[in-house]
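Please look over the structure shown here with its strands and its charged side chains in mind. The report that follows takes up the salt bridges and then the pairing of strands.

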Amino acid sequence: MSARRFDFAWEPRYRLPALAFGLTPRTAWVEVSPTELHVHYGLWTLRSPLSNISGAEISGGYAFFKTAGPPHLSMSDRGISFATTSRKGLCVKFRDPVPGIDPTKHIKHPGATITVADAAGLAEALGFPGVADSSAAR
């Protein structure tokens, strides 16, 4: 099985803040190989073995000021958001937290929100077909 690539969903109002950090559709994507998740988001990357992923859920209704631009760190749970839209994304949970937001790799994330255009397809590629879509309830 070869790697699958997922493009981010780009909401127009997110493009300018993203561009300030070198984020464009050409510099941001997600790839799932038979063994690994790789999020490429401009200068930032997150990698995790698929065996480290414990769950996934589709969510949405994200606040623009909390998600636009570079990756964002949640102060409540240390999760990371790679967001290019407020509408919908996939929240991925890790068994063991993984680095992603800082180049020193000291900050580790128990989860990541990733706003790809095909959130259900990404969930399936990660081994979680038919995940619940909680974004419709918002």
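## Salt bridges between charged side chains

In this predicted model, arginine 5 and aspartate 7 are joined through their side chains in a salt bridge, with a distance of 3.8 Å from N to O. Arginine 5 is partly exposed, its relative accessibility being 47%, and aspartate 7, with a relative accessible area of 47%, is partly exposed as well. The salt bridge between these two residues belongs to a set that comes to three in the model.

Another of the salt bridges links arginine 13 to glutamate 11, and here the closest N and O atoms lie 2.7 Å apart. The partners sit in unlike surroundings, because glutamate 11 has a relative accessibility of 6% and falls under the 20% limit for a buried residue, whereas arginine 13, at 43%, counts as partly exposed.

## A salt bridge across two strands

Glutamate 36 and arginine 47 also meet through their side chains in a salt bridge, at 2.7 Å from N to O. Glutamate 36 belongs to strand β3 and arginine 47 to strand β4, so this pair ties together parts of the chain that are eleven residues apart in sequence. Glutamate 36 is partly exposed with a relative accessible area of 25%, and arginine 47 is likewise partly exposed, at 45% relative accessibility.

## Strand β3 and its two partners

Strand β3, which covers residues 36-41, is mostly covered, since five of its six residues are buried. On one side of the pairing scheme, strand β2 (residues 28-32) and β3 pair in the antiparallel sense over five bridges, and the two strands form a hairpin with three residues between them. Within this pairing, glutamate 31 has histidine 38 of β3 as its bridge partner.

Strand β3 also pairs with strand β4 (residues 44-49), to which it is joined by six bridges in an antiparallel arrangement. Histidine 38 appears in this pairing too, where its bridge partner in β4 is arginine 47, the residue whose side chain meets that of glutamate 36 in a salt bridge. The hairpin of β3 and β4 has two residues between the strands, and in that hairpin glycine 42 takes a positive phi near 65°.

## Reading the parts together

Which residue of β3 is the bridge partner of glutamate 31? That residue is histidine 38, and because histidine 38 is in turn the bridge partner of arginine 47 in β4, the pairings of β3 with β2 and with β4 can both be followed from this position.

How values were computed. Residues are numbered from 1 along each chain as its sequence is written. This is a predicted model: local features need pLDDT of at least 70, side-chain atom pairs count only at pLDDT 80 or more; totals for chains, interfaces and linings use all residues. Side-chain values use heavy atoms; hydrogens and water are left out. Buried means under 20% relative accessible area, exposed over 50%, partly exposed in between (1.4 Å probe, protein chains only). Helices (H or I, at least four residues) and strands (E, at least two) are DSSP runs, numbered from the N terminus. A salt bridge is a side-chain nitrogen of Lys or Arg within 4 Å of a carboxyl oxygen of Asp or Glu.
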